[in-house]
Amino acid sequence: MSAPTSPADLYRYSLRLLLDKDIPAWVALWAEDGLMEFPFAPDGWPRRLEGKAAIAAYMRHYPDHIDLHDFPDLRIHQTTDPATIVVEMRGVGRLVESDAPFDMTYIAVVTVRDGHMSSYRDYWNPLAVQESGADFAGSSR
(Lines give C-alpha, C1' and ligand atoms only; values in the text may rest on other atoms or scores of the structure.)
Protein backbone atom coordinates (compact mmCIF):
# COMPACT_ATOMS: atom_id res chain seq x y z
CA MET A 1 0.00 0.00 0.00
CA SER A 2 1.37 3.39 -0.91
CA ALA A 3 1.31 6.09 1.73
CA PRO A 4 -1.43 8.72 1.55
CA THR A 5 -0.38 12.14 0.33
CA SER A 6 -2.74 14.61 2.03
CA PRO A 7 -1.08 15.95 5.19
CA ALA A 8 -3.88 14.72 7.49
CA ASP A 9 -4.06 11.24 5.93
CA LEU A 10 -0.27 10.91 5.87
CA TYR A 11 -0.11 11.87 9.53
CA ARG A 12 -2.81 9.35 10.52
CA TYR A 13 -0.89 6.70 8.56
CA SER A 14 2.34 7.65 10.36
CA LEU A 15 0.62 7.10 13.73
CA ARG A 16 -0.51 3.63 12.61
CA LEU A 17 3.11 2.79 11.72
CA LEU A 18 4.29 3.95 15.17
CA LEU A 19 1.66 1.77 16.86
CA ASP A 20 2.82 -1.15 14.68
CA LYS A 21 6.42 -0.33 15.73
CA ASP A 22 7.39 -0.16 12.05
CA ILE A 23 10.05 2.50 12.39
CA PRO A 24 11.65 1.88 8.96
CA ALA A 25 8.28 2.46 7.25
CA TRP A 26 7.71 5.56 9.42
CA VAL A 27 11.11 6.95 8.41
CA ALA A 28 10.28 6.22 4.76
CA LEU A 29 7.49 8.81 5.01
CA TRP A 30 10.13 11.55 5.38
CA ALA A 31 11.68 13.71 2.68
CA GLU A 32 15.45 13.24 2.35
CA ASP A 33 15.98 16.80 3.62
CA GLY A 34 13.25 16.59 6.26
CA LEU A 35 13.57 18.67 9.41
CA MET A 36 12.33 17.54 12.84
CA GLU A 37 12.45 20.13 15.62
CA PHE A 38 11.79 19.97 19.36
CA PRO A 39 11.55 23.61 20.54
CA PHE A 40 11.03 22.61 24.19
CA ALA A 41 13.70 19.88 24.37
CA PRO A 42 15.58 19.92 27.67
CA ASP A 43 19.35 20.36 27.84
CA GLY A 44 21.19 17.34 26.47
CA TRP A 45 18.34 16.31 24.15
CA PRO A 46 18.31 17.07 20.44
CA ARG A 47 16.46 20.22 19.41
CA ARG A 48 16.89 19.83 15.67
CA LEU A 49 17.31 16.79 13.43
CA GLU A 50 18.28 17.61 9.86
CA GLY A 51 17.73 15.00 7.15
CA LYS A 52 16.13 11.59 6.96
CA ALA A 53 19.27 9.82 8.24
CA ALA A 54 19.33 11.89 11.46
CA ILE A 55 15.61 11.30 11.99
CA ALA A 56 16.09 7.55 11.42
CA ALA A 57 18.93 7.42 13.95
CA TYR A 58 16.83 9.29 16.53
CA MET A 59 13.81 7.00 16.09
CA ARG A 60 15.64 3.68 15.65
CA HIS A 61 15.31 2.56 19.29
CA TYR A 62 12.01 4.28 20.09
CA PRO A 63 10.02 0.98 20.45
CA ASP A 64 12.68 -0.34 22.84
CA HIS A 65 11.85 2.48 25.25
CA ILE A 66 8.17 3.31 24.72
CA ASP A 67 5.47 0.75 23.97
CA LEU A 68 2.75 2.89 22.42
CA HIS A 69 -0.81 1.58 22.65
CA ASP A 70 -2.95 4.41 21.28
CA PHE A 71 -3.17 8.03 20.22
CA PRO A 72 -6.45 9.16 21.77
CA ASP A 73 -7.85 12.65 21.47
CA LEU A 74 -6.38 13.13 17.98
CA ARG A 75 -7.35 16.44 16.45
CA ILE A 76 -5.92 17.57 13.12
CA HIS A 77 -6.41 21.21 12.18
CA GLN A 78 -6.06 22.52 8.64
CA THR A 79 -4.14 25.77 8.17
CA THR A 80 -4.19 28.43 5.47
CA ASP A 81 -1.27 26.53 3.91
CA PRO A 82 -2.77 23.32 2.47
CA ALA A 83 0.57 21.52 2.99
CA THR A 84 0.65 22.26 6.74
CA ILE A 85 -1.46 20.86 9.58
CA VAL A 86 -1.49 21.42 13.33
CA VAL A 87 -1.99 18.26 15.37
CA GLU A 88 -3.17 17.90 18.98
CA MET A 89 -3.05 14.43 20.51
CA ARG A 90 -2.02 12.19 23.35
CA GLY A 91 0.27 9.22 23.12
CA VAL A 92 -0.43 6.51 25.69
CA GLY A 93 1.29 3.24 26.49
CA ARG A 94 4.05 2.16 28.85
CA LEU A 95 7.74 2.69 29.39
CA VAL A 96 9.45 -0.58 28.52
CA GLU A 97 12.24 -0.50 31.11
CA SER A 98 10.12 0.37 34.16
CA ASP A 99 6.67 -0.76 32.93
CA ALA A 100 5.40 2.64 34.14
CA PRO A 101 2.47 4.19 32.31
CA PHE A 102 3.28 6.62 29.50
CA ASP A 103 0.81 9.42 28.77
CA MET A 104 2.12 12.42 26.84
CA THR A 105 0.27 15.34 25.28
CA TYR A 106 1.61 16.64 21.98
CA ILE A 107 1.08 19.56 19.69
CA ALA A 108 2.85 19.34 16.36
CA VAL A 109 3.08 21.51 13.27
CA VAL A 110 3.64 19.24 10.27
CA THR A 111 4.33 20.15 6.65
CA VAL A 112 4.06 17.63 3.80
CA ARG A 113 5.69 18.21 0.42
CA ASP A 114 5.47 15.79 -2.50
CA GLY A 115 3.84 13.13 -0.32
CA HIS A 116 6.55 13.16 2.37
CA MET A 117 6.90 14.88 5.73
CA SER A 118 9.30 17.76 5.21
CA SER A 119 8.95 19.60 8.51
CA TYR A 120 7.76 18.46 11.94
CA ARG A 121 7.90 20.79 14.94
CA ASP A 122 7.02 18.74 18.02
CA TYR A 123 5.92 20.83 21.02
CA TRP A 124 5.92 18.04 23.63
CA ASN A 125 6.29 18.59 27.36
CA PRO A 126 9.82 17.58 28.44
CA LEU A 127 8.90 17.76 32.13
CA ALA A 128 6.64 14.71 31.81
CA VAL A 129 9.47 12.54 30.48
CA GLN A 130 12.01 13.83 32.98
CA GLU A 131 9.65 12.97 35.82
CA SER A 132 9.17 9.45 34.47
CA GLY A 133 12.91 8.87 33.96
CA ALA A 134 12.50 7.97 30.29
CA ASP A 135 15.77 9.17 28.82
CA PHE A 136 15.20 7.37 25.52
CA ALA A 137 16.31 10.22 23.28
CA GLY A 138 19.18 11.71 25.20
CA SER A 139 22.27 12.89 23.43
CA SER A 140 24.11 9.70 24.42
CA ARG A 141 21.94 7.64 22.07
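**Entry 1: S14**

I started at S14, which sits in helix 1. The model is a predicted one. Is S14 buried or exposed? I read a relative accessible area of 1% for S14, and the cut-off for buried is under 20%, so S14 counts as buried. Next I looked up the polar side of S14. Its side chain reaches the backbone oxygen of Y11 at 2.6 Å. Then I listed what S14 touches, leaving out residues up to four places away in sequence. The list reads W26, L29 and M117.

**Entry 2: Y11**

The oxygen that S14 reaches belongs to Y11, and I moved there. Which residues is Y11 in contact with, leaving aside neighbours within four places in sequence? I found L74, I76, I85, V87, M89, V110 and Y120.

**Entry 3: the core**

I then pulled up the largest nonpolar core. It holds 40 residues. Which members touch the most other members? They are Y11, W26 and M117. I checked which elements supply at least two residues each. Among the helices I noted helix 1 (7-19), helix 2 (23-28) and helix 3 (52-59). Among the strands I noted strand 1 (30-37), strand 3 (66-70), strand 5 (84-95), strand 6 (101-113) and strand 7 (116-122). Helix 1 gives the largest share, with eight residues. W26 and M117 had already come up as residues that S14 touches.

**Entry 4: strand 7**

Strand 7 was next on my list. How many of its seven residues are buried? I found five, so strand 7 is largely enclosed by the rest of the structure.

I looked up its pairing with strand 1. The two run in the parallel sense and pair over four bridges. M36 stands opposite Y120 of strand 7. Y120 is also one of the contacts of Y11.

I then turned to strand 6. Strand 6 and strand 7 run antiparallel, and six bridges join them. Which residue of strand 7 is the bridge partner of V112? It is M117. M117 is again one of the residues that S14 touches.

The link between strand 6 and strand 7 is a hairpin with two residues between the strands. I checked the turn and found a positive phi of about 50° at D114.

**Entry 5: confidence**

Last, I looked up the pLDDT. The mean for the protein is 89. I noted that 87% of its residues reach 70 or more. Where does the pLDDT fall below 50? I found this over residues 137-141. Beyond near neighbours in sequence, that stretch has nine contacts in the model.

Conventions
Residues numbered from 1 in each chain as written. Predicted model: local features only at pLDDT ≥ 70, side-chain atom pairs only at ≥ 80, totals over all residues. Heavy atoms only, no water. Core = buried A, V, L, I, M, F, W, Y, C linked by side-chain atoms within 4.5 Å. Buried < 20%, exposed > 50% of the residue type's maximum accessible area, 1.4 Å probe, protein only. Contact = heavy atoms within 4.5 Å. Pairing = 2+ DSSP bridges. Polar contact = N/O pair within 3.5 Å; in protein donor to acceptor, adjacent residues only side chain to side chain. pLDDT = per-residue confidence, 0-100.
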